Amino acid sequence: MALQIFNVLGREKQLFQPIEPGFVRMYVCGLTVYDYAHIGHAKNYIAFDVVVKYLRHSGYNVLYVQNITDVGHLRDDGTDPIIKKALRAQSAPMQIVEMYARSFFEDMDALGVIRPDISPRASAHIPEQIKMIQTLIRKGHAYEVNGSVYFDVTTDPDYGKLSNRRIDAQQAGSREEIRGEKRNPEDFALWKNAEPEHILRWDSPWGEGFPGWHIECSAMAKKYLGDTFDIHGGGIDNMFPHNESEIAQSECANDADYARFWMHVGSLTVDGMKMGKSLGNFVTIKDALKRYRPEVIRMFVQSAHYSSPIDYSDDAVQGVARGHERMMNAVRLTRRALATAPQTDDGNAILAAVEKARADFTAAMDDDFNTPLATAALQELTREVNALLNSGTTVGASVLKAIAETYDQLGGAVLGIIPATDDSAAGNASREAGLIELLIKLRSEARAAKNWKESDRLRDELAALGVILEDRADGTVWKVN
RNA sequence: GGCGACGUAGCCAAGUGGUAAGGCAUGGGUCUGCAAAACCCUGACCACCGGUUCGAAUCCGGUCGUCGCCUCCA
């Protein structure tokens, strides 16, 4: 079975085939860097991280571009949040941009989100944007008024094809207060004349100003991916007006299709409500990472399909954490057993389950990146693996290797929910591990002498330090929590 | 008002025509010095009404409810 992707453009699942065989060009709208990234951003970028990783796992070469918006993304009151923050902090706008851009990458690194191949900044691509705007003016799709340039939506009969929002002819040119200096209320800015207090400004053929938010993505996507590319992603809240306007600008300027597949990620709410500073339910990625390990956060946001909304709550994440722990126990058992396993294929009956898990996983991911179903395949495998490795029977190295590789490749490299190494993995020669092993040995001696008081004390005190012991038939194992 | 999404067991959630995956929680069991872990068993006829069909959670119409966007937002 081949990869199917739900294309928002057309609202149907379509067979995915890149323009150039084997090579995927992909653009995802990046963050506007004026504050710390929150778990809603985490959901979005983890989703595309998995898309990129699965495409690569499937053999595609992927060129992944994700921009950084550092200018032009105005709020509804017309202010630029970056400038606002800079004035408050008495620093330069680009200091603010740098600080939060770095923070964003730190967060993504911590979450195991692979960095894009190119992270272009809007402010570094002003010439490209100006050029594109000039093309739009020349072709009659844009007009200049008082140093600002607007896109005339009535010149693009396709405007609205992504969001299904068609321009209402009745509305066009109606009320002066909505329209302002624009020809139509729906027209959007390509370039804005800078008021004196607007400190982020550049020279342009229309005077000093700054670019509109939408043109940035169009210009950067064109520069790095060409006029037409394979996948464009973003949060569903960007569908209108941002993505719709990108399409209009690019297709009118380039006389070519823009992105062939559009993917939108569902929003994340916190305790049933939209995240907001004023609501006091704003959860940054840094906050979440203090509470949960990154793999758990990843598994949580992948517990629903990427296009669905999801609600973040401690109860929900905790439930996922328990399931994750069960899977990790199986992974640890496998890795530990592998270190001392005989070179046989004992226990190879489980290979059928391994193969089934791999097939189910692939089928699920091929069906529009169905991560909940793909995860279920690994969980079913986990049940089999736990049953086998707790049964006391000998399992050969080749069998254990097949299991370990399945976890590493599918759960690790693709979903990012299984770390490549674990503190308690066999072969860890660190001093801390050695000390823990020593204490376990002392406790084992106490247990052999049926000195339960002493053995329980050692276990309890280790637990207080975050080291959890489990007594198994073949010895005591440990893990950190 | 316009555009769109959703409503599946206590909770999360997959499933778009053929008698409901998976996870968490609950209860019972096995194992264990105890604990922990693990495994086994344990649960829903899919918001409601009507229609299409041999057959629908799945298609169509309607009702109720929740949410997103339309204005900055991933």
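The exercises below, each with a worked solution, deal with a predicted model of a protein chain and an RNA strand.

Residues are numbered from 1 along each chain as its sequence is written, and chains are lettered from A and ligands numbered from 1 in the order in which they are written. Because the model is predicted, local features need pLDDT of at least 70 and side-chain atom pairs count only at pLDDT 80 or more, while totals for chains, interfaces and linings use all residues; side-chain values use heavy atoms, with hydrogens and water left out.

**Exercise 1. Describe chain A as a whole.**

Step 1. Take the secondary structure: chain A has 15 helices and 15 strands. Helices (H or I, at least four residues) and strands (E, at least two) are DSSP runs, numbered from the N terminus.

Step 2. Take the dimensions: along the principal axes, the C-alpha atoms of chain A fill a box of roughly 90 × 50 × 35 Å.

Step 3. Take the burial: 51% of the 481 residues count as buried. Buried means under 20% relative accessible area, exposed over 50%, and partly exposed in between (1.4 Å probe, protein chains only).

**Exercise 2. Work out how β1 and β2 are arranged.**

Step 1. Find the pairing: β1 (residues 4-7) and β2 (residues 12-15) run antiparallel, with four bridges. Two strands pair if DSSP finds at least two bridges between them.

Step 2. Find a facing pair: Gln-4 is opposite Leu-15 of β2.

Step 3. Sort the faces of β1: Ile-5 and Asn-7 lie on the covered face, Gln-4 and Phe-6 on the uncovered one.

Step 4. Look at the turn: four residues separate the strands of this hairpin, and Gly-10 has a positive phi near 110°.

**Exercise 3. Give the strand order of the open sheet that contains β11, and identify its edges.**

Step 1. The order is β12-β11-β13, and the pairing in this sheet of three strands is mixed.

Step 2. β12 (273-274) and β13 (310-312) are the edge strands; each has a single partner, so one side of each lacks a neighbour in the sheet.

Step 3. β11 (residues 268-270) pairs with β12 in the antiparallel sense over two bridges, and Thr-269 stands opposite Lys-274.

**Exercise 4. Characterise the protein surface near RNA strand B.**

Step 1. Count and rank: 53 residues surround RNA strand B, and those that come nearest are His-73, Trp-213, Gly-235, Asn-238 and Lys-274. A residue is near a strand if one of its heavy atoms lies within 4 Å of it.

Step 2. Look at the RNA side: sugar and phosphate make up 68% of the RNA strand B atoms that come within 4 Å of the protein.

Step 3. Sort by class: the surface has 13 nonpolar, 24 polar and 16 charged residues. Ala, Val, Leu, Ile, Met, Phe, Trp, Tyr, Cys and Pro count as nonpolar, Asp, Glu, Lys and Arg as charged, and the others, Gly among them, as polar.

Step 4. Sort by element: α12 gives the most, eight residues. Other elements that supply at least two residues include α1 (39-57), β9 (229-235) and α10 (314-340).

Step 5. List atom pairs. A base nitrogen is 3.2 Å from a polar backbone atom of Gly-40, a sugar or linking oxygen is 3.1 Å from a polar backbone atom of Ser-163, and a base oxygen is 3.3 Å from a side-chain N or O atom of Arg-447.

**Exercise 5. Determine which face of α15 is buried.**

Step 1. Check the length: the 13 residues of α15 should span 18 Å at 1.5 Å a residue, and the end C-alpha atoms are 18 Å apart, which agrees. The expected span is 1.5 Å times one less than the number of residues.

Step 2. List the buried residues: Ser-455, Leu-458 and Leu-462. Down the axis they fall within an arc of 60°, so they line one face of the helix. The arc is that of the directions from the helix axis to the C-beta atoms.

Step 3. List the other side: Lys-453 and Ala-464 are exposed there.

**Exercise 6. Find backbone exceptions.**

Step 1. Recall the rule: most residues other than glycine have a negative phi, and most peptide bonds are trans.

Step 2. Asn-164 has a positive phi of about 65° and sits in the loop between β6 (148-151) and α5 (176-179). Its relative accessible area is 58%, so Asn-164 is exposed.

Step 3. Lys-450 has a positive phi of about 55°, in the loop between α14 and α15. Lys-450 is exposed, at 60% relative accessibility.

Step 4. The peptide bond between Phe-240 and Pro-241 is cis, with omega about 0°; Pro-241 belongs to helix α7 (residues 239-254).

Terms used
A polar contact is a pair of N or O atoms within 3.5 Å; within protein, one must be able to donate a hydrogen and the other to accept it, and residues adjacent in sequence count only if both atoms are side-chain atoms.
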